[in-house]
Amino acid sequence: MESARGAHVTSASSDGAISTELSARRTGMSFQRTRMSADRTLMSVIRTSLSLIGFGFTIYQFFQKLHEAQALKSSTAPRNFGQALVYLGIGMLVVGIGYHISYMLELRREREQLRRDGLIHGETQFPLSLTMIVAVLLLIVGILAVVSMTFKVGPFD
């Protein structure tokens, strides 16, 4: 173990040096746990948004097909409801992504400040968030669904 000040810490080191080193390591690990917790929160947003977008698009398509088959005289209200669910899912996803980015930037600033102060080691970088990539991809799919519903074009028409 190497202390925050650079000296190598072993079991023969003073109790204070060992305690400080272990505390710095626990703090570093708590940043990793906090980062993973933020990813889990974003996954919850993704699950809810996916449900809203998928369910809304299904309702919209179902009533659109019934209207095209002339099984219904008017399907405007249910289609509008489906479209509203898709908009709600996209809105929730945008807010969730924005919150996640803001939170992660603040967490990185705090971690960097502790590293500069020598209170944690901070040798490893936060890895790229695969959850964020999935959230952005879902946002793109949601936008494509809205374009398809609104303009009757695109991959979901």
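How much space lies in the second largest pocket? In this predicted model, the second largest pocket holds about 180 Å³ of space. Its lining consists of Arg 35, Asp 39, His 100, Ile 101, Met 104, Leu 105, Arg 108, Pro 127, Leu 128, Ser 129 and Met 132. Two elements, α1 (15-68) and α2 (76-116), each give two or more residues to this lining. The largest share, five residues, is provided by α2. By residue class, the lining of the second largest pocket comprises six nonpolar, two polar and three charged residues.

Among the residues lining the second largest pocket are Arg 35 and Asp 39, which also form a salt bridge with each other, the closest N and O atoms being 3.6 Å apart. Both residues belong to helix α1, where four residues, about one turn of the helix, separate their positions. Asp 39 and Arg 35 are both buried.

The structure holds six salt bridges. A further pairing within helix α1 involves Arg 25 and Glu 21, which are likewise four residues apart, about one turn of the helix. Their side chains meet in a salt bridge at 2.7 Å, N to O. The two partners are unlike in exposure: Glu 21 is buried, at 1% relative accessibility, whereas Arg 25 is partly exposed, at 38%.

Salt bridges are also found in helix α2, where Arg 109 and Glu 106 lie three residues apart, about one turn of the helix. The closest N and O atoms of the bridge between Arg 109 and Glu 106 are 3.2 Å apart. Glu 106 has a relative accessibility of 42% and therefore counts as partly exposed. In addition, a network of salt bridges links Glu 112, Arg 115 and Arg 116.

Helix α2 also contains Ala 84, which is partly exposed, with 39% relative accessibility. Although Ala 84 and Val 146 are 62 residues apart along the chain, their C-alpha atoms are separated by 9.9 Å.

On the surface, Leu 128, Leu 130, Ile 133, Val 136, Leu 137, Ile 140 and Leu 144 make a nonpolar patch of about 650 Å². Leu 128, a member of this patch, is also one of the residues lining the second largest pocket. Leu 130, another contributor to the patch, is located in helix α3 (residues 130-151). With a relative accessible area of 63%, Leu 130 lies over the 50% cut-off and is therefore classed as exposed.

Key: Residues are numbered from 1 along each chain as its sequence is written. This is a predicted model: local features need pLDDT of at least 70, side-chain atom pairs count only at pLDDT 80 or more; totals for chains, interfaces and linings use all residues. Side-chain values use heavy atoms; hydrogens and water are left out. Patches are made of residues with over 30% relative accessible area and no salt bridge: like charges are joined within 9 Å, nonpolar side chains (Val, Leu, Ile, Met, Phe, Trp, Tyr) within 5 Å. Accessible areas come from the Shrake-Rupley method with a 1.4 Å probe; for residues, only the protein chains shown count as cover. A salt bridge is a side-chain nitrogen of Lys or Arg within 4 Å of a carboxyl oxygen of Asp or Glu. Buried means under 20% relative accessible area, exposed over 50%, partly exposed in between (1.4 Å probe, protein chains only). On a 1 Å grid over the protein atoms alone, a cavity is a set of points where a 1.4 Å probe fits but cannot get out, and a pocket is an open set with protein on both sides within 12 Å along at least five of seven lines; lining residues have an atom within 4 Å of a point. Grid points are joined across faces, edges and corners, and a volume is the space filled by probe spheres set on the points. Ala, Val, Leu, Ile, Met, Phe, Trp, Tyr, Cys and Pro count as nonpolar, Asp, Glu, Lys and Arg as charged, and the others, Gly among them, as polar.
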